[in-house]
Amino acid sequence: MKKIFKTIDAINEWMGTRLVKWLAVILVLVVTGEVFMRFVLDRPTTQGPMIAIWTGCVMYALSWGYIHRHKGHVRVDIVYGRFSPKGKAIFDVICFIIFLFPFISLMSYASLKWTWYAWSTWERTQETYWYPITGPARTLVFIGIALFTLQAIVQFIRDIYFAVRNKAYD
């Protein structure tokens, strides 16, 4: 089990430190290029805005597992910070069951449904005259949600272990 946990950790670590940082660079270059084309050359592109939107969506989705691994998601620190480590683990388990698990379930279902639809119909975006297919972006968002789900399950099990045994799992 520890090997599986370490593999999930490593994948999300790689996503956050290797892949997503380059997506951020690409996003900055695309937006800068589009601004230059639009305001300096007065020749805006139809592709730039869609590439920027999709790059941002993919970047955010692929980073969720990494952020969760490093406990970077939003918390109410005024309350959470006062708990002992065991209290934090118990609070995290409760919040996972009440909030995170239903959220991830809905996001996974919706993302899988949209990805399946995009590929099965060769869906194309109607927002530009370029009409690019949406399947690749939707697939990457689904992968990001799947990695986030796996990381959340790993953290949930670690928190349960800590709450029961009062020591870290690994």
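Contact here means heavy atoms within 4.5 Å. Keep that cut-off at hand for the exercises below, which all use a predicted model.

**Exercise 1. Find where I51 sits, say whether I51 is buried, partly exposed or exposed, and list the residues I51 touches beyond four places in sequence.**

Solution.
- Step 1: start with the secondary structure, where I51 belongs to helix α2.
- Step 2: turn to accessibility. The partly exposed class lies between 20% and 50% relative accessible area. I51 has 31%, so I51 counts as partly exposed.
- Step 3: look for contacts, leaving out residues up to four places away in sequence; I51 then touches V30 and W130.
- Step 4: add a distance check. I26 is 25 residues from I51 in sequence, and their C-alpha atoms are 9.5 Å apart.

**Exercise 2. Place T125 in the fold, decide whether T125 is buried or exposed, and name its contacts.**

Solution.
- Step 1: T125 is part of the loop that links α4 (85–121) to α5 (135–165).
- Step 2: the buried class ends at 20% relative accessible area. With a value of 8%, T125 is therefore buried.
- Step 3: with residues up to four places away in sequence set aside, T125 touches M50, W54, Y131, P132 and T134.

**Exercise 3. Examine the phi angles of D42 and K71, then locate each residue and give its exposure.**

Solution.
- Step 1: take the backbone of D42, whose phi is near 55°, a positive value in a residue other than glycine.
- Step 2: do likewise for K71, where phi is near 55°, again positive and again in a residue other than glycine.
- Step 3: locate them. D42 lies in the loop between α1 and α2 (47–69), while K71 lies in the loop between α2 and α3 (77–80).
- Step 4: assign exposure. The exposed class begins over 50%. D42, at 62% relative accessible area, is therefore exposed. K71 has 39%, so K71 is partly exposed.

**Exercise 4. Which residues gather in a patch of positive charge on the surface, and where does K2 belong?**

Solution.
- Step 1: pick out the members of the patch, which are K2, K6, R165 and K167.
- Step 2: recall the entry conditions for a patch, namely over 30% relative accessible area and no salt bridge, with like charges joined within 9 Å.
- Step 3: try the area condition on K2. Its relative accessible area is 44%, so K2 is partly exposed, and the patch condition asks for over 30%.
- Step 4: place K2 in the fold, where K2 is found in helix α1 (residues 2–40).

Key: Residues numbered from 1 in each chain as written. Predicted model: local features only at pLDDT ≥ 70, side-chain atom pairs only at ≥ 80, totals over all residues. Heavy atoms only, no water. Patch = residues over 30% accessible without salt bridge, like charges linked within 9 Å, V, L, I, M, F, W, Y side chains within 5 Å. Areas by Shrake-Rupley, 256 points an atom, 1.4 Å probe, with all protein chains shown as cover. Salt bridge = Lys/Arg side-chain N within 4 Å of Asp/Glu carboxyl O. Lys, Arg positive; Asp, Glu negative; His and termini not counted. Charge placed at Lys NZ, Arg CZ, Asp CG, Glu CD. Helix = DSSP H or I, 4+ residues; strand = E, 2+ residues; numbered from the N terminus. Buried < 20%, exposed > 50% of the residue type's maximum accessible area, 1.4 Å probe, protein only.
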